[in-house]
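Q: Could you walk me through one helix in this model and what it packs into? I'd like a close look, with the cut-offs spelled out.

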Amino acid sequence: MLCSIMAPRLQLEKAAWRWVETVKPEEISQEHIELAYRVNVPACKRGTCRRNCKGNPNCLVGIGEQAWLGEIDEDAFHNIDDPNSERRDKNTFVGLTNLGATCYVNTFLQVWFHNLELRRSLYQCSSSRAQEHNAESDYEPQSICEHLQYLFALLQNSNRRYIDPSGLVKALGLDTGQQQDAQEFSKLFLSLLEDTLSKQKNPNLQHVIQQQFCGQFSYVTVCNTCGRASALPSKFLELELNIQGHKNLTECVTEFLKEEKLDGDNRYFCESCQSKQSATRRIRLHSLPPTLNLQLMRFVFDRQTGHKKKLNTFISFPEQLDMGPFLEGIQDQKCVYELSAVLIHRGISAYSGHYIAHVKDACTSDWYKFNDEEIEKMEGKKLQLGVEEDIAETVKSQTRKPKCGKGYHCSRNAYMLVYKVQEEENTEPTGTNVEVPAFLQRLVDRDNHKFEEWCSEMSDMRKQSVDKGKAKHEEVKELYELLPATDGQPYEFIPLEWLKKWLDDSTATKEIDNSHFLCSHGKLHPDKVGDTKRVSQGAAELLYHRYGGGPRLEGLSLCKECVSQRCRVLRLKNQLNEDFKEVSNLVKRTLSDEGFWVGKASLRSWKQLAMEQLEEDEHETKHSNGQTNGQGPHSNSSKDFSSELSEGNEEEMKTFNEDIVCTHGRLSILETERRLVSSEVWTKLRAYFPKAPEFTQNQEACQQCLTLEQEEKDNEAVSKMMALDQKNQLLNLFQEKNRPLLTKWPQGTDVLYIVPLFFVDEWKKFIRRPTKSSPVSSVGNSLLLCPHGGFMFTYDSLVSGDAQHIALLWPSEWEVISRLFMVDQPISIHCSQQATPPEQAPQYTTQPDLCWECREGFIFQQQRDLREYTQATVYIRKVIEDKRMMKEAAPELNASSSEAEEEREEHPKVDGEKDPDFSQSADGAKRLKLSDGSGPASAAAAASVASTASLPVSSVSKLGSIRRSTRHRKLRGEKALIVSANQTLKELKIQIMHAFSVAPFDQNLSIDGKSLTDDSATLGSLGIIPESIICLKADEPIADYAAMDDAYQVRMPEEGFKGTGLLGH
């Protein structure tokens, strides 16, 4: 039978056991055993299997042999790249490794390396450390000059395709993961190098930077009144050219030198006129350096967004630049320059992207693209300098690249142009040759020697892997031909996974382990035959000889006992289906004789329980779901039964009829959970469950359970009577009618009593549901007292908000409560209005007296919470223009009774006895746990606890937090954000941007009518406290997607090169 028409695995498994329908266990022969183990299933042929047939132990196709048969590629035997790919090609330059975000450093290093005069000068710097270095250890430069000259020497004569600049980067103190301003880096590094070279003893080196890069200009101001001209001379290392509004380099230079009018508030103080006068000012170029750096100001500060942005303006620039028309003064100076490098920034944002350099080789005049490790010669009839595709560009530019004439180039990404003064044609070619000094060449040779050793080591490893692979190839070809077992010849079973790993060269081949495939009789389990392959005994001998392992599964390892037991089980399962149908019909009939009690759940799931009981009888069960050691052919049936059980919505049962056995081992008193069945039904069920509990129709229910049930009913009756009595005595308190108010002291009494609101809530809960809730036994007024026994609230604080934590009682109600409940400490508030003259305000006192020490500590804690919070919630409410904002609801002191009840029902878990923050005292009062300690600190903590202990359930979780209304009413267009007090307003705006898709520069924020404008200020300093509502008014969005991208990139204030070696730190 071919694999293409062979039945799937499930059909193979069923076919292996189809014979059990006609064969009894005692009639099993060797033929039946071989059918169960699928010994005679035809093997699959190569080319007919898409993947291996796991149900066929004779299928040896698709187990990984394809990689070894036929022609073999040597590269398949190893995962080691060719070390020669790391070798520098002839007549090419060396690249630099990008250490994360250091591409801007790499581009400048390549440009400066190709400045032959700078390189020659650096080679002449004295370096005693390099000259005296012992060749046995690695050379570690210290100064910037040492790092740079060693790096240049490696770039010139290294055998590596690219080198690692981490030494120099580390010496400069740069963060390799943060991209910096490339233009600022250029200026700072040249200044640092100038300062370093000025300390050299060789006078020819002290002014190298000045001689190579430094030019001179002056700011000339002419008074319009007297005509007096004053000049302020200055030096420059580069000219910073504005590109906005310009199309070519000439326009940029012209604008740089153009005349500026000084008038109005910007007038100039003329020393001749001795007063402020209108004047004109311009820049006058006096001299230009041999290397002219022109910075194109692509990265500018946007006042509207508060961030830098990139100008993607196309600028045309020539290969040959004549600066003569722009010079004044010296006439014999060389003014014609040739383009030698173009530095490029790919990306639309000023805060991200990639830097690349196009550099001209001074020796060959060929152009190369330097992209970190990759270096590419730029060839073609039409050379395009400064042109690189943008990365991560989300908006296609609407401007097309303008046409450029011959000798001109156009770029939207070039940010720096480097021009070299044109040399005369008869210049000697020796000027282009720069020799590496001997002391540096020794260091380069040592690095090259290490590189060659590494290449040799990698090559040896590759060769070893190839040799090992070839040997494995021969072994596989030899053994794979021997694997198939022929009819009538000895055979063994080998694990399929082991064969796959043997053919997978990426994993080490371990010894053969058959222990997982054994049945309880120490032979091959019938369910595991699908996970093995039948191979010839000759092949097995070779595999065990080379790799070891065991126990070996030969032809005699086919287990007759397991096959017999499986036969018995399958036959019983077939009978089970018939019995199930018969029982289902019998239970529908009316009882004619004495019956037996059967649990309804057991009756619904007896078929599954019977199946599990049969499988337990095999003594092969290893899982609670009744499956044997492996997936047997009955696995699908088990799934069907489990689904039937789940449909019945019953808990998993282990023993038939256990659902009507009480905890005392007798018949359950719950008659609704059992039913009577006939003796005929019970006989059939008993055959499957001989050990099941048996209860006849006349069996009495458990007397202990009946007694306990009666006691529970009696207790419920007592609770109902108690609740009704308490409700009648305190009806106004329960219904919240005729309640005393502190703001309007009631006439006719000079004293009111105080209890925690928590006590009242728990009492009401009991009154409403006396059979479901525990009765309240004590008041627990100590929740409102500090550790010293003093009261924690003043009359004014109760009026202004603290009253939400307490309940006020009439004296008559207090008498009832004192009689019904245990009171640990009475608390009352007294009004002395009768004893004071009418013109004076009444005096209020409390008993116990107020504890001022703890009260002050509590207030201090509140104020600190307002300033020092973390992970607090604030609400951002977006205000839509031309629509009136909804009037803010005043914070509620107390939710209505129905609202509070609804909220408590939503959180039934927070009961005193279950809350980890509560402990039960000896008198039954529930009180908050207080930390050990004494003094103001513990008093303040206790005060904080006291202020929150009696909060409604919805507020209990906010222990120690700032008191706000119990529930915030979110309006449409409002979102909650998690913030901290030390977070800046700028960081909050970033969060708001993600929540509302409004850029920070389009956000106008205010709180209580006060505008929030200081982006650097913290939320705590701006008066933003937890639960605050901040209004957001959004301006019209700016159609500048790059600016939006910048806002996403800039999360923290830019620090630039602060703290690096470029600033002398």
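A: Start with the length of helix 6, residues 144-157 (helices are DSSP runs of H or I, at least four residues, numbered from the N terminus). Its end C-alpha atoms sit 20 Å apart, and that agrees with the 20 Å its 14 residues should span at 1.5 Å a residue; the expected span is 1.5 Å times one less than the number of residues. Bear in mind that this is a predicted model, where local features need pLDDT of at least 70, side-chain atom pairs count only at pLDDT 80 or more, and totals for chains, interfaces and linings use all residues. Residues are numbered from 1 along each chain as its sequence is written, and side-chain values use heavy atoms, with hydrogens and water left out.

Helix 6 is mostly covered, with 13 of its 14 residues buried (under 20% relative accessible area, using a 1.4 Å probe and protein chains only). So where do those side chains fit in? The largest nonpolar core has 63 residues, and helix 6 gives the most to this core, nine residues. A nonpolar core here is a set of buried Ala, Val, Leu, Ile, Met, Phe, Trp, Tyr and Cys residues joined through side-chain atoms within 4.5 Å. Trp112, Leu122, Phe185 and Leu193 have the most contacts inside that core.

Take Trp112: leaving aside neighbours within four places in sequence, Trp112 is in contact (heavy atoms within 4.5 Å) with Leu118, Phe152, Phe185, Ser186, Phe189, Leu190 and Phe213. Apart from this core lies another one, of 36 residues, including Cys335, Ile344, Ala414 and Val421.

How values were computed
Helix = DSSP H or I, 4+ residues; strand = E, 2+ residues; numbered from the N terminus. Buried < 20%, exposed > 50% of the residue type's maximum accessible area, 1.4 Å probe, protein only.
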